[in-house]
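Open the model in your viewer and keep the sequence panel beside it. The stops below follow one another, each with something to select.

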Amino acid sequence: MELMVNRLELLLDRAKKCLQTLSFVIIVPSAAQSGKSKSRVKMFAAKSFLKMIESQFCRKHIILKARDHGYKEASQHLRPTQFKESQYDTSVIILSTKNLLNDVIL
């Protein structure tokens with residue numbers, strides 16, 4: 001995830017320097033912000049997650065609470081229902097060179 005964040009930051013920085021508007025919407029599991037995790041994977045995921053939400057390009061961070069939302073998974077055709085309730089909080093992060101949220105109602 002860190003490579004993705006670095007690449008997005010690079011592209012956003014280039015677009016900003018060229019006075020271009022560029023936006024990304026990233027949907028990822030919310031990284032735990034409290035407590036110390038012993039898992040290296042969770043540690044690196046939290047680092048990348050924090051880098052996104054602390055970025056100069058972060059325009060909005062929305063947290064969807066677990067069990068208040070769901071999704072369709074890849075094996076939806078094998079399940080009795082297409083919708084699967086989420087077990088974890090999910091973050092929707094909007095990164096943009098411009099504050100476009102004045103034009104969008106969230």
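Select strand β5 and show its side chains: T90, V92, I94 and S96 point one way, S91, I93 and L95 point the other way, and all of them are buried. Buried means under 20% relative accessible area, with exposed over 50% and partly exposed in between, for a 1.4 Å probe and protein chains only. In a regular strand, side chains alternate between the two faces of the sheet. Of the strand's residues 90-96, 7 of the 7 are buried, so β5 is largely enclosed by the rest of the structure.

Before moving on, note that this is a predicted model, in which local features need pLDDT of at least 70 and side-chain atom pairs count only at pLDDT 80 or more, while totals for chains, interfaces and linings use all residues. Residues are numbered from 1 along each chain as its sequence is written, and side-chain values use heavy atoms, leaving out hydrogens and water. Helices (H or I, at least four residues) and strands (E, at least two) are DSSP runs numbered from the N terminus.

Next, add strand β1, residues 23-29, which pairs with β5 in the antiparallel sense over 7 bridges. Strands count as paired if DSSP finds at least two bridges between them. Two partners to pick out are P29 with T90 and V25 with I94.

Now add strand β2, residues 58-64, joined to β5 by 6 bridges and also antiparallel. Here I62 has V92 as its bridge partner.

With the three strands displayed, the open sheet has the order β1-β5-β2 and antiparallel pairing. Both β1 and β2 stand at the edges with a single partner strand each, so one side of each has no neighbour in the sheet. On average, neighbouring strands are turned by 15° against each other, direction ignored.

Bring in helix α1, which packs on the sheet and touches β1 and β5; its direction makes about 165° with that of β1. Angles run from 0 to 180 degrees between N-to-C directions, and axes are lines fitted to C-alpha atoms, for helices over the stretch in contact. Then show helix α2, which packs on the sheet against β1, β2 and β5, its direction making about 45° with that of β5.

Last, select α1 (residues 2-17) and α2 (residues 40-53) together: their axes come within 9 Å and cross at roughly 20°. The two helices are therefore roughly parallel, a term for angles under 35 degrees. To see the contact (heavy atoms within 4.5 Å), show E2, M4, V5, N6 and E9 of α1 with K47, S48, K51 and M52 of α2.

Definitions and conventions. Angles under 35 degrees count as roughly parallel, over 145 as roughly antiparallel, 65 to 115 as roughly perpendicular and the rest as oblique.
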